Amino acid sequence: MELLLDGYLLFSSEETRRAGSLLAPLLLPGDVIALRGDLGAGKTTFVGGVAKALGTRDEVISPTFNIMKCYFDAKPALYHIDAYRLEGQMIDIGLDEAIEGDGVSFIEWPDFIRPLIPEDHLEIELLHEGDVRRMNVRFGGKRSHEVALRFKEALHA
């Protein structure tokens, strides 16, 4: 993974949602975004911004206990996966079908399902530093590089 954006500061939950909304129009079906960060770093808040910008009317909540939440009214469909509870086990519950499917996939705790994540994916890391979040963006292929560049431009516009 190559680092493209290092230490972009987000000063509130609203700014975190806004950053997600700026990524949304750049996404195409099949795009995969790995989300890294500790508990409370803003991963679900970021996905909420993406989901709203993609047109879902549903409130985005953490999929921790469900493992995956699907937002089919988003265009494209949005799959929000939390792999935390899958640590050490690869349960065949169709995550591969969602990741390779007709929507965009956001995966929290991606290391727990590493074999399912394509090489060409975007990685967004949110680091919680007091009241501020620091966002880093990495890419792993041609498509994710294009998205990362356009996302960086949108954030700095």
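**Exercise 1. Find the aromatic pairs in this predicted model and classify the geometry of each one.**

Step 1. Searching the whole structure of the predicted model yields two aromatic pairs.

Step 2. In one of them, the ring centres of Phe46 and Phe151 lie 6.3 Å apart and the ring planes meet at 80°, so this pair is edge-to-face. Planes over 60 degrees apart are what places a pair in that class.

Step 3. The pair joins distant parts of the chain, since Phe46 belongs to helix 2 (residues 43-53) and Phe151 to helix 4 (residues 142-156), with their positions 105 residues apart.

Step 4. For Phe72 and Tyr79, the centres are 6.0 Å apart and the planes are at 80°, so this pair is edge-to-face.

**Exercise 2. Decide whether each paired residue is buried or exposed.**

Step 1. Phe46 and Phe151 are both buried.

Step 2. Phe72, with a relative accessible area of 54%, is exposed, because the cut-off for that class is over 50%.

Step 3. Tyr79 has 7% relative accessibility and counts as buried, because buried means under 20%.

**Exercise 3. Place Phe46 and Phe151 in the largest nonpolar core.**

Step 1. This core has 34 residues, and Phe46 and Phe151 are among those with the most contacts inside it, as are Leu23, Ile124 and Met135.

Step 2. Elements that each give two or more residues to the core include helix 1 (13-23), helix 2, strand 6 (122-129), strand 7 (132-139) and helix 4.

Step 3. Neighbours within four places in sequence aside, the contacts of Phe151 include Leu23, Phe46, Ile124 and Met135.

Step 4. Another core, of seven residues, lies apart from the largest one and includes Val32, Ile81, Ile113 and Ile117.

Note on methods
Residues are numbered from 1 along each chain as its sequence is written. This is a predicted model: local features need pLDDT of at least 70, side-chain atom pairs count only at pLDDT 80 or more; totals for chains, interfaces and linings use all residues. Side-chain values use heavy atoms; hydrogens and water are left out. Rings of Phe, Tyr and Trp (its six-membered ring) pair if their centres lie within 6.5 Å; planes under 30 degrees apart count as stacked, over 60 as edge-to-face and the rest as tilted. Helices (H or I, at least four residues) and strands (E, at least two) are DSSP runs, numbered from the N terminus. Buried means under 20% relative accessible area, exposed over 50%, partly exposed in between (1.4 Å probe, protein chains only). A nonpolar core is a set of buried Ala, Val, Leu, Ile, Met, Phe, Trp, Tyr and Cys residues joined through side-chain atoms within 4.5 Å. Contact means heavy atoms within 4.5 Å.
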